[in-house]
Amino acid sequence: MFLVVPGCLLLVFSGVQSKTSIDLMQHLFNASRYDKRVIPSAGRGTNVPLNVSMGLALMQIENLDEKRQVLVSHIVLTLQWIDPHLTWDPSEYMGTEHVNVGTNSLWIPDIVLYNSITQDQAVGMRRGDILVHHSGLVTFKNARILHSSCKTNVAHYPFDKQECMFTFGSWAFNGFDISIESKDQSGDLSSYTKSGEWEIVEFSTEQHKIVYGCCPEPYYDVTYYLKVRRQVLYYAMYFIIPCALIALVAATIFLLPQDCSERITVGMSSLVGLSFFFLLVSENMPPSDKVPLIGGYYSVTMMQMGFSFFMNVLVLRFHHMTEENVPDWVRKFILGYGARLLHKKFYSKENAESDRNENADQIKVNGDAEDSFVMKVIGEKEYCDEIVEEDMKIARAIEEHTEGKKRDVEWKQAAAVLNDLALILHVVVVLLTFAAMFFEVLFIAKS
């Protein structure tokens with residue numbers, strides 16, 4: 001008996017609650033008092049627009065494609081407005097202060113993303129549930145993935161900062177119908193998931209009122225500015241440091257013996273390796289009138305390595321050039337100034353000329369002595385012409401051999417000086433290029 005009475009009371013209470021909820025929904029969306037096709041503004045027709053408050057929460061940056069100039073982001077868009085037709089007294093409906101309503105049951109402002117690159121932004125804004133408060137405050141939260149255009153500046157890539165915009169506004173209504181404003185001074189980052197590539201610097205918002213020359217009515221929009229800075233550790237590890245190491249390893253071609261044929265192979269391998277990394281970098285870059293910082297670094301390094309490869313070929317040419325006489329400019333600038341700069345002491349031009357004169361005098365004295373000896377033995381010099389001619393041929397052959405050895409020594413000495421100068425120049429240029437890029441990065445960070 002006592003168990004049956006509470007059960008009956010519970011059934012009655014549940015029936016009253018269910019009937020109350022149904023009555024509330026029927027009261028709110030009665031066709032005689034509510035039409036979802038009409039803007040719910042008390043000042044409708046008197047140029048008093050409906051105020052729509054807007055908030056944007058950034059959840060995650062999925063990707064910022066510099067080549068396509070597209071930002072893919074996860075956001076939660078919050079819209080709030082006052083609908084005077086959706087009010088009730090909570091005491092008349094069992095204290096119910098708010099209800100959840102589907103998007104197909106009431107009017108929703110047609111807020112779209114102006115700089116969207118897809119065609120479903122307006123349709124997507126209508127997905128989700130709406131919370132209606134008894135005071136008439138309507139709150140619509142919509143979570144979605146945005147594909148927005150973002151003009152990128154790759155001048156300082158990969159040490160760059162990018163600024164992307166989200167511009168929201170009504171698609172069909174002007175400022176006399178709907179006035180859009182931002183709830184906060186900035187975007188919401190409280191639920192943001194940090195990106196491994198981008199660091200958020202600023203997330204601000206501005207409201208714009210635009211009046212076109214053709215029409216008297218204003219148009220409102222709310223623009224969110226997202227400023228991000230790229231995390232450079234990945235690019236430093238996989239692009240910058242390998243480039244510097246390849247450039248330094250290329251200096252080993254000047255440490256190999258000058259008659260080593262593998263010098264050409266090492267130089268070509270270094271150029272091919274650097275070209276491969278340069279192609280990887282260029283694939284991610286959009287066409288632009290500005291050269292990215294890393295692109296300039298790679299270009300300068302490749303030109304420097306190309307010059308070093310040319311110097312390597314010139315060193316090999318000097319080393320194996322023995323048939324031609326050493327030009328005066330080689331003796332003056334390479335064996336002279338270059339050798340003194342490297343503190344090397346080589347066979348000079350004056351020493352070579354004095355040795356040639358001494359050898360000629362010695363050959364002449366030996367020839368006269370031989371002539372005198374033959375004349376004493378035979379008595380008549382005319383019989384000795386053939387012998388003297390053969391002696392002179394032998395003397396000229398010896399002189400040519402001596403001159404050839406001296407030319408060979410001079411060319412090899414010039415090759416050694418040129419090799420050392422090219423090595424020093426290569427290392428200095430590599431270090432200066434890396435230092436210039438480093439100081440440029442510091443300047444970018446400070447600015």
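Reader: Which residue just after α6 takes a positive phi?

Author: This is a predicted model, and in it helix α6 covers residues 328-341. Just after α6 comes a residue whose phi is positive, at about 60°, and that residue is His 343.

Reader: How many Å does helix α6 reach from its first C-alpha to its last?

Author: Helix α6 has 14 residues, and at 1.5 Å a residue a reach of 20 Å is expected. The buried residues of this helix include Val 330, Ile 334 and Leu 335. The reach from the first C-alpha of α6 to the last is close to the expected value, at 18 Å.

Reader: How far apart are the end C-alpha atoms of α3?

Author: Helix α3 runs through residues 233-249, and its 17 residues should span 24 Å at 1.5 Å a residue. The helix also bends by about 30° at Ile 241, with a proline, Pro 242, following within four residues. The distance between the end C-alpha atoms agrees with the expected span, and it is 22 Å.

Reader: Which helix gives the most to the nonpolar patch?

Author: The nonpolar surface patch has an area of about 850 Å², and among the residues that make it are Leu 233, Tyr 234, Met 237 and Leu 431. One helix, spanning residues 233-249, gives 7 residues to this patch, which is the most, and that helix is α3.

Reader: Is Leu 245 of helix α3 buried, exposed or partly exposed?

Author: Leu 245 has its place in helix α3 and is one of the residues that make the nonpolar patch. A residue counts as buried under 20% relative accessible area and as exposed over 50%. Because the relative accessible area of Leu 245 is 49%, this residue is partly exposed.

Reader: Why does Ser 73 count as buried?

Author: Ser 73 lies in strand β2, which covers residues 70-82. Leaving aside neighbours within four places in sequence, Ser 73 is in contact with residues including Leu 58, Arg 144 and Phe 166. Ser 73 counts as buried because its relative accessibility is 0%.

Reader: What separation do the C-alpha atoms of Pro 158 and Pro 292 have?

Author: Pro 158 is found in the loop between β6 and β7, and this residue is buried, with a relative accessible area of 0%. Leaving aside its neighbours within four places in sequence, Pro 158 is in contact with several residues, among them Tyr 235 and Ile 240, which are also listed among the buried residues of α3. Pro 158 and Pro 292 are 134 residues apart along the chain, and their C-alpha atoms are separated by 7.9 Å.

Definitions and conventions:
Residues numbered from 1 in each chain as written. Predicted model: local features only at pLDDT ≥ 70, side-chain atom pairs only at ≥ 80, totals over all residues. Heavy atoms only, no water. Patch = residues over 30% accessible without salt bridge, like charges linked within 9 Å, V, L, I, M, F, W, Y side chains within 5 Å. Areas by Shrake-Rupley, 256 points an atom, 1.4 Å probe, with all protein chains shown as cover. Salt bridge = Lys/Arg side-chain N within 4 Å of Asp/Glu carboxyl O. Helix = DSSP H or I, 4+ residues; strand = E, 2+ residues; numbered from the N terminus. Buried < 20%, exposed > 50% of the residue type's maximum accessible area, 1.4 Å probe, protein only. Expected span 1.5 Å × (residues − 1). Bend = angle between axes of the 7 residues up to and from the residue. Contact = heavy atoms within 4.5 Å.
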